[in-house]
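Good morning, and thank you for the time. I would like to speak about helix packing and internal space in one model.

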Amino acid sequence: MAPLRPVLRVLFDEAHQEAWTVRPEVAARMQPTHPADASYARAADLLRARRVQVDVHADGALDAGALRDAHVVVLAHPSEPKWEATTGAGSPVLTAAELDALETHVNAGGGLVVLGESEQDKYGNNLNALLARFGVQIDHATVQDYSNNLNATPSWVRADLGTGERGAGGDLLATVAGATFYRAGTLSIVNAGADFQVLARTSASASAPNAPLALALRHGAGRVVVLADSDLFGDDCLGDLGHAALWTNIMAWAGQHAYATPARAQRSEALEDPAWTRLRDATDRLRVLQDADGTLDTTKHDTTTVAALVDTMAASVDALAPRFPHQRDHLDAVVADLRAWDFASRPDFAASLELFRPDQHRADAIEHLVLFPMYTQNGSRDTRFEALLVRTPWPQWLAELERDRYDNPKFVPVTLTDNTAGYDSECAVLFPETVSVATKAAANHFGGIFCDREAERFRRVVTAAADTVGLNLPPDAAALLRSERLSLDTYVLWDLIHDRAHSRGDLPFDPFMIRQRMPYWMYSLEELRCDLTAFGEAVKLEAEGLAFARNVQYAVLFDRIFRFPVTGARVRNYDGLGGQLLFAYLHRHGFVHWTDNRLTVEWDRLAEGVAGLRAEVETLYREGIDRSKLAQWGAAHDLVARYVLPASGSTWSAGVRAYADVEDPRPYIDDVKPDEFPLSMFYTSLKAKLEPTLARPAAVRAPAVAA
């Protein structure tokens with residue numbers, strides 16, 4: 001599969017006689033009989049799989065120029081050649097200018113990872129001169145532990161891991177099962193006021209009891225991680241215990257500032273065109289004059305003014321059309337539909353909708369101009385004219401996954417470049433069925449999903465939730481909450497798989513349920529089933545080598561259990577109920593724990609828990625094929641009620657439900673309570689605390705341009 005664009009840049013210094021290299025050919029030269037003893041190649045590959053660009057500084061000064069494009073710098077045990085086989089370049093001693101450059105790098109938000117060794121002083125480097133600037137020293141020592149070691153080797157010290165930090169900043173020890181330090185020194189904190197955390201210590205039985213072996217600290221806008229041993233991430237040892245997880249956690253944590261850098265906006269010539277601003281402004285002025293059904297009361301509004309607005313809109317579309325050659329026929333039809341509107345009737349844009357085919361132009365970064373009378377799904381049910389500039393992200397890796405594995409020809413991910421006021425809402429879709437047409441036989445060629453809007457509200461709400469509940473958040477998940485690029489790509493992949501899942505599996509009813517009336521928990525289970533499917537597919541993709549797919553697992557979990565239940569009114573909130581069910585299932589079965597006002601996820605078992613709930617839902621579906629509609633509704637209610645308590649007085653609860661099994665049970669839906677499954681105490685409290693973060697930030701618009 002085509003590689004995903006790197007999001008983080010890590011620079012390995014190999015210009016100061018380092019004892020480790022990420023270059024296999026250099027490792028083979030350093031240790032001809034056993035290159036793995038000098039190689040960090042596997043560690044570098046782990047990073048590359050996680051969208052990290054790994055560069056090498058092989059020669060010259062480690063100055064501001066060398067550091068300019070680096071997000072994280074790694075110094076892996078510089079040494080005089082008489083003690084170690086080394087990379088062979090330069091001196092192990094950093095110059096004063098290099099020390100200054102590294103400190104400036106950290107102060108400005110960069111990451112720094114320093115790996116020392118036992119008997120640190122003998123190697124002839126001046127790492128301690130660098131680390132003194134951050135309040136840390138590597139001690140000249142070799143720890144022995146006869147009680148707590150690996151393979152009965154006293155110098156292979158098993159570390160006591162710390163507790164890790166909680167919240168959106170990331171827990172450096174999340175998913176780390178353990179660590180062994182091989183012939184390690186110890187660390188000393190010489191600035192007690194520094195913002196540090198001890199990641200690993202020696203045990204009480206060690207020759208230097210309870211001494212730090214690894215620590216992390218914040219300095220200025222950046223982050224520093226120091227370890228008293230460099231072997232644990234070498235090719236020979238990276239697979240031991242939790243070393244690989246610790247390595248990737250360290251690099252993600254050290255690079256948090258870079259992840260938070262806003263994505264570079266893509267230039268839009270259409271946005272810069274005054275014709276777009278005229279179109280957007282005229283459309284906004286017209287839309288507020290329309291009645292709820294899209295008509296316009298000509299007895300209340302001056303038709304001359306309305307006609308002038310329509311003329312401006314039509315002329316603006318014509319002016320913009322050359323910028324969208326792939327939409328030429330469609331935009332001509334838009335102008336024709338617009339001019340055919342008589343104001344007093346519902347607008348009919350069936351002709352132009354039939355020609356709007358973004359599904360046929362899924363090319364990365366392509367833009368589309370949209371002008372339709374429509375309602376904004378979960379924003380407003382009133383039909384109004386809306387104008388949008390949208391862009392389709394369609395990178396090569398996504399195109400290949402859709403082509404070879406998740407065929408979904410109608411799926412169109414989009415991002416909003418600009419929009420009229422009606423889309424200043426939580427609406428994250430652009431669907432054909434929302435467009436005003438005269439007949440029901442409307443086109444249904446595409447399904448547009450605003451993955452940028454989904455990603456933004458995910459970052460906003462889940463960041464606040466993680467801090468509120470004191471979550472043990474892995475650093476790569478913390479990076480996801482900070483990164484526009486990572487979160488956008490995550491939602492594109494999630495949406496692709498979710499959307500496809502609606503038409504796959506043992507389905508006892510119309511998978512989209514658009515034309516059916518059912519109790520709202522049926523919609524809840526269908527949407528949740530598709531999300532659990534996306535989670536399961538992401539687990540498979542990760543196991544096959546697409547490490548990025550882990551972000552889809554994070555997104556499904558966090559969006560479902562944090563944002564969905566507390567967003568929107570408690571009136572048949574089917575997405576909210578799906579989140580409640582997922583959380584309750586995971587909590588009931590011990591995959592998450594709410595203890596001491598902190599939420600802990602058992603990350604190593606989470607996939608098992610999600611798969612368990614998915615199995616229950618899929619069993620319901622499979623057996624539902626042989627049930628009556630009413631019996632299936634009741635069985636689905638029972639499944640939800642096993643984990644989420646129904647409202648008091650529910651007539652749908654097992655043991656109370658007494659409905660005749662008739663061919664058309666739809667009248668019984670009227671007995672469903674508006675909040676059939678109320679929020680638990682956990683969610684009632686969480687909702688109150690997250691309320692300030694739930695509202696979207698106000699849109700900032702370019703000024704209107706006179707017609």
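Helix α14 passes α16 in a right-handed crossing. Please bear in mind that this model is predicted. The two helices, α14 and α16, pack with an angle of about 120° and have their axes 8 Å apart. An angle over 115 degrees but not over 145 falls outside the parallel, antiparallel and perpendicular ranges, and α14 and α16 are therefore oblique to each other.

Which residues meet here? From α14 the contact takes Cys451, Asp452, Glu454, Ala455, Phe458 and Arg459, and from α16 it takes Glu484, Ser487, Leu488, Tyr491, Val492 and Asp495. By class, these residues of the α14 and α16 contact comprise six nonpolar, one polar and five charged.

Let me turn to the next pair. Helix α16, residues 484–501, also packs with helix α17, residues 520–543. Their angle is about 125°, and the axes are 8 Å apart. That value makes α16 oblique to α17. As for handedness, α16 passes α17 in a right-handed crossing. On the α16 side, Leu493, Trp494, Ile497, His498 and Ala501 take part. Their partners in α17 are Glu527, Arg529, Cys530, Asp531, Thr533, Ala534, Glu537 and Leu541. This contact of α16 with α17 is made up of seven nonpolar, two polar and four charged residues.

The third pair consists of helix α18, residues 550–566, and helix α19, residues 574–588. Is their crossing left-handed or right-handed? The crossing of α18 and α19 is left-handed. Their packing angle is about 120°, with the axes 8 Å apart, and α18 and α19 are therefore oblique to each other. Leu557, Arg560, Ile561, Phe564 and Pro565 represent α18 in the contact. Across from them, α19 supplies Asp575, Gly576, Gly578, Gly579, Gln580, Leu582, Phe583 and Leu586. Sorted by class, the contact of α18 with α19 holds seven nonpolar, four polar and two charged residues.

I now come to internal space. Rolling a probe the size of a water molecule over the atoms shows where empty space is left. How many cavities of 30 Å³ or more does a search of the whole structure find? The search returns one. The volume of the largest cavity is about 40 Å³.

Its lining consists of Glu426, Arg457, Arg460, Val461, Arg563, Thr567 and Leu694. Which helix gives the largest share of that lining? The answer is α14, residues 451–469, with three residues. In terms of class, the lining of the largest cavity has four charged residues, two nonpolar and one polar.

To close, helix α14 thus appears twice in this account: in its right-handed crossing with α16, and as the source of the largest share of the cavity lining. Thank you; I welcome your comments.

Technical notes:
Residues are numbered from 1 along each chain as its sequence is written. This is a predicted model: local features need pLDDT of at least 70, side-chain atom pairs count only at pLDDT 80 or more; totals for chains, interfaces and linings use all residues. Side-chain values use heavy atoms; hydrogens and water are left out. On a 1 Å grid over the protein atoms alone, a cavity is a set of points where a 1.4 Å probe fits but cannot get out, and a pocket is an open set with protein on both sides within 12 Å along at least five of seven lines; lining residues have an atom within 4 Å of a point. Grid points are joined across faces, edges and corners, and a volume is the space filled by probe spheres set on the points. Helices (H or I, at least four residues) and strands (E, at least two) are DSSP runs, numbered from the N terminus. Ala, Val, Leu, Ile, Met, Phe, Trp, Tyr, Cys and Pro count as nonpolar, Asp, Glu, Lys and Arg as charged, and the others, Gly among them, as polar. Axes are lines fitted to C-alpha atoms, for helices over the stretch in contact, and angles run from 0 to 180 degrees between N-to-C directions. Angles under 35 degrees count as roughly parallel, over 145 as roughly antiparallel, 65 to 115 as roughly perpendicular and the rest as oblique. A crossing is left-handed if the near helix is turned anticlockwise from the far one by less than a right angle, and right-handed if clockwise. Contact means heavy atoms within 4.5 Å.
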